[in-house]
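Q: Please take a close look at the cavity search for this model and at what lies around any result. Connect it to the strands and helices, and add any backbone details worth checking.

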Amino acid sequence: MKSEPPLPHADTATQIWVAVDAMGGDRGPSAVVAGMAKAAKDHPDLRFIVHGDEEELSKHIAKRKIQNLCEIRNASGVVSMTDKPSQVMRHGKDTSMWSAINSVRSKEAHVCVSCGNTGALMAVSMVRLRKAAGVNRPAIAILWPSRGKTGFSVMLDVGADIRADETDLLQYALMGTSYARNGLGIERPRVGLLNVGTEEHKGRAELKIAHGLLEDAAEKGKYDYCGFVEGSDIPSADVDVIVTDGFTGNIALKTAEGTATLIRETLSDAFKHTPLSRLAALLAYTSLRRLSQRIDPRRVNGGVFLGLNGTVVKSHGSADATGVAAAIGLAHRLAKVEFGSKLVARVASATDFPTDDEEG
């Protein structure tokens with residue numbers, strides 16, 4: 001593949017530069033900067049290009065004492081959660097979101113992280129970074145807690161586009177296997193196609209066609225195809241990549257997040273109910289803390305936009321410092337393995353697989 005020009009900021013072998021849209025999200029720049037500081041403690045090679053109101057960001061960055069890790073790019077505009085993508089495309093060139101994406105486009109940063117409006121972020125990313133060669137529809141991939149060896153599986157699409165035909169689903173499988181291979185270290189990922197049942201006669205027409213395409217492409221794609229899987233299989237130890245359309249995937253994701261929150265709150269209320277239950281909670285504190293961490297959506301916060309000429313990580317809009325740090329940590333991990341270039345090689349087309357030298 002054609003090599004990319006070096007980043008102007010630093011030796012890419014020693015530093016990872018993340019462009020941060022600091023004004024997006026429900027909690028404002030204070031939570032974003034706190035997350036940056038938290039991530040920097042875990043990853044000393046992180047550096048940030050922070051986009052937003054310079055005066056406000058300077059105060060938050062100084063409070064967290066990470067001035068030496070940051071460059072601030074002043075951007076007066078902010079994309080709100082209620083802004084329509086079409087409105088942002090027409091009037092959003094002065095926003096922190098647009099500016100952050102441009103840092104990846106100009107190769108000043110390895111990756112962009114934003115807590116902002118998902119639809120707007122995808123629209124701006126597609127216009128500024130463009131789709132990778134051969135990709136019809138980009139996808140958003142997330143890490144789903146599972147009983148597998150790595151503790152996670154990859155699921156896509158979870159909301160980039162509500163539609164997906166059989167060719168799109170094949171491309172999602174290829175992108176998902178690249179993510180599992182490079183992000184989770186799974187040499188030969190197991191791929192499942194989400195359906196209403198595991199029987200071959202079930203599902204919509206495009207799912208039945210995609211079933212054959214994924215099966216035929218498995219050997220060249222260097223993955224194992226598990227066939228149709230159901231919703232109950234998503235957290236199982238039997239599959240590493242779950243492929244679905246954005247409509248179904250987004251509903252599954254939001255349902256899981258809501259359920260995890262319900263479990264945590266219900267357990268907390270139950271153990272506070274009586275003096276005896278509070279004593280039981282104290283005795284079971286270590287186990288309860290482990291369970292709470294296991295089902296905490298913040299730990300796996302960060303959806304990756306796949307299929308673009310650049311890597312973008314979408315953090316949850318309501319993410320706190322812990323959630324933002326998790327998203328930045330994911331961005332750091334993907335940048336370290338040069339995931340973007342490997343993904344482009346993997347999905348140059350759905351049928352023209354890369355050589356061993358280009359393996360992604």
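A: Helices here are DSSP runs of H or I with at least four residues, strands are runs of E with at least two, and both are numbered from the N terminus. By that numbering, His60 is found in helix α2, residues 54-64. The model is predicted.

The search of the whole structure finds one cavity of 30 Å³ or more. The volume of the largest cavity is about 40 Å³. Its lining consists of Val304, Phe305, Leu306, Gly307, Leu308, Gly310, Thr311, Phe339, Gly340 and Leu343. Sorted by class, six of these residues are nonpolar and four are polar, with no charged residue in the lining. Two elements, β10 (303-306) and α12 (339-346), each supply at least two lining residues.

One of the lining residues, Phe339, also takes part in an aromatic pair. The structure holds one such pair. The ring centres of Tyr179 and Phe339 are 5.7 Å apart and the ring planes meet at 45°, so the pair counts as tilted. Because Tyr179 lies in helix α6 (residues 166-183) and Phe339 in helix α12, the pair ties together parts that are 160 residues apart in sequence.

The other element named for the lining, β10, belongs to an open sheet of 11 strands in the order β3-β2-β1-β4-β11-β10-β5-β6-β9-β7-β8, with mixed pairing. At the edges are β3 (70-74) and β8 (224-229), each of which pairs on one side only. From one strand to the next, the twist averages 25°. Strands of a sheet pair through backbone hydrogen bonds, either parallel or antiparallel. Helix α5 (residues 118-129) lies across β4 (111-114), β5 (139-145), β10 and β11 (311-314), and runs at about 175° to β11.

Further along the sheet order, strand β6 (residues 152-156) and strand β9 (residues 241-243) run parallel and are joined by three bridges. Leu156 has Val243 as its bridge partner in β9. The peptide bond from Leu156 to Asp157 is cis, with omega near 0°. Asp157 lies in the loop between β6 and α6, and α6 is the helix that holds Tyr179 of the aromatic pair.

A second backbone detail concerns Lys107, in the loop between α4 (96-105) and β4. Phi of Lys107 is near 65°, a positive value in a residue other than glycine. Most residues other than glycine have a negative phi, and most peptide bonds are trans.

To return to helix α2, His60 touches Pro29, Ser30 and Val33, leaving aside residues up to four places away in sequence. His60 and Val33 are 27 residues apart in sequence, while their C-alpha atoms are 6.5 Å apart in space.

Terms used
Residues numbered from 1 in each chain as written. Predicted model: local features only at pLDDT ≥ 70, side-chain atom pairs only at ≥ 80, totals over all residues. Heavy atoms only, no water. 1 Å grid on protein atoms, 1.4 Å probe; cavity = no way out; pocket = protein on both sides within 12 Å on 5 of 7 lines; lining within 4 Å. Points joined across faces, edges and corners; volume = space filled by probe spheres on them. Nonpolar A, V, L, I, M, F, W, Y, C, P; charged D, E, K, R; others polar. Pairing = 2+ DSSP bridges. Axes fitted to C-alpha atoms, helices over the stretch in contact; angles between N-to-C directions. Contact = heavy atoms within 4.5 Å. Phe/Tyr/Trp six-rings, centres within 6.5 Å; stacked < 30°, edge-to-face > 60°.
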